[in-house]
Amino acid sequence: MSAIVSPPAELSVIIVAYNSNEVILPCLDSLSESNTLGKGLDVVVVDNRPQTGLKDCLHEADYTFHLQYVGSEKNVGFGGGNNLGVRYALAPYVLFLNPDTLVREDIYTPTLDRLRRDGNYVLGYSLTDPEGRRNYTYSYFPEYIYIFPLLQLLQRVSFRGSVNCVRPINRIAWPWGAAIAMEKEAFLRAGGFDEHIFLCNEEPDLMRRLPKRRVYILPEHIVHLEGHGREVSVGRYTAFLQSTDYYLRKYRVKSRWLYWKWVAMKLQVRRWMHCHVDKNYIEAFLQFREHDLNSPSSNQ
């Protein structure tokens, strides 16, 4: 009897899990059900907390794709976990996907069509919540916070068009990390994700190291459970603030102090106007400003 030969991997999906069993299993089910590549779809699950029994759950599952489970000895965060996953990726193209996502349509064909056309593409997707409302799909480099209102207005006028078609905007945009695809070799040449960033702002940092990148937001939808109606913890806000400051320092953004004054001023104005501001964000920002913004470690 001749051995069964598996087709070569065409696309590797990297998913980093941490206490994510509740959401990652439906995510994998959705990938399996929407899979149009068969075993040409390579899915690498990196488990930052192997003690949860996820490996056993996956061992019992029957998916339409090729599955690899990688247990990490310690929690290395989003960037470190994805870097680890890429080492096991079998395909020439990688899609970094959050565990709290659901894929309900063929995203694989347009992803490969676009990436095969030009290895400089960095792809995002049209992220929605479970009810179909638009979620965060892309954002802009932190140093352009001053023109965010204008950029956000353009988003309302043309959701994808301004990013996909207007070159100056394309150069300062980055796809939301819940779902982002690119050529594996381009990712490796850029040095992968910066593992000094534990959570948040990994994407703009990576984009800065892809000088020939062209961002493109595909119209295909992916459900991202994080977003509308979800409470954000003080810890996650703190991680965002710390990683933003790390980014501003790393790239020696001259307006760093102006950036933080701008953030503080906007927060104060919103409070004066009695606009809703998440109490967790207020607490995180006050703690960050007192303990992190001027600490010696933040200069590293």
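Among contacts in the chain between residues at least 6 apart in sequence, what share joins residues at least 24 apart? In this predicted model, the share is 79%.

**The chain as a whole**

The chain holds 12 helices and 10 strands. Along the principal axes, its C-alpha atoms fill a box of roughly 75 × 45 × 40 Å. The radius of gyration is 20 Å, which agrees with a compact globule, because a globule of 300 residues would have a value near 19 Å. Of the 300 residues, 53% are buried. The chain exposes about 15,400 Å², and carbon and sulfur atoms supply 53% of that area.

**The sheet**

Eight strands form an open sheet with mixed pairing, in the order E3-E2-E1-E4-E9-E6-E10-E5. Strand E3 (66–71) and strand E5 (101–102) stand at the edges; each has a single partner strand, so one side of each is left without a neighbour in the sheet.

Strand E6 sits between E9 and E10 in the sheet order. Strand E6 covers residues 121–128 and strand E10 covers residues 214–224; the two pair in the parallel sense over seven bridges. On the other pairing, E6 runs antiparallel to E9, and two bridges join them. Three of the bridge partners of E6 residues are listed here.

| Residue in E6 | Bridge partner | Strand of partner |
|---|---|---|
| Leu123 | Ala181 | E9 |
| Ser126 | His221 | E10 |
| Leu127 | Ile222 | E10 |

How many of the eight residues of E6 are buried? Eight of the eight are, so the strand is mostly covered, where buried means under 20% relative accessible area. In a regular strand, side chains alternate between the two faces of the sheet.

**Helices across the sheet**

Two of the helices can be placed against these strands. Helix H1 (residues 21–34) lies across strand E1 (11–17), strand E2 (41–47), strand E4 (93–97) and E5. The direction of H1 is at about 170 degrees to E1.

Helix H4 (residues 108–117) lies across E1, E2, E4, E6, strand E9 (179–183) and E10. Helix H4 runs at about 155 degrees to E6. Strands E1, E2 and E4 are thus among those crossed by H1 and also among those crossed by H4. The edge strand E5 is one of the strands that H1 lies across, while E6 and its two pairing partners, E9 and E10, are among the strands that H4 lies across.

Key: Residues are numbered from 1 along each chain as its sequence is written. This is a predicted model: local features need pLDDT of at least 70, side-chain atom pairs count only at pLDDT 80 or more; totals for chains, interfaces and linings use all residues. Side-chain values use heavy atoms; hydrogens and water are left out. Two strands pair if DSSP finds at least two bridges between them. Helices (H or I, at least four residues) and strands (E, at least two) are DSSP runs, numbered from the N terminus. Contact means heavy atoms within 4.5 Å. Axes are lines fitted to C-alpha atoms, for helices over the stretch in contact, and angles run from 0 to 180 degrees between N-to-C directions. The radius of gyration is taken over C-alpha atoms; the globule rule is 2.2 Å times the number of residues to the power 0.38. Buried means under 20% relative accessible area, exposed over 50%, partly exposed in between (1.4 Å probe, protein chains only). Accessible areas come from the Shrake-Rupley method with a 1.4 Å probe; for residues, only the protein chains shown count as cover.
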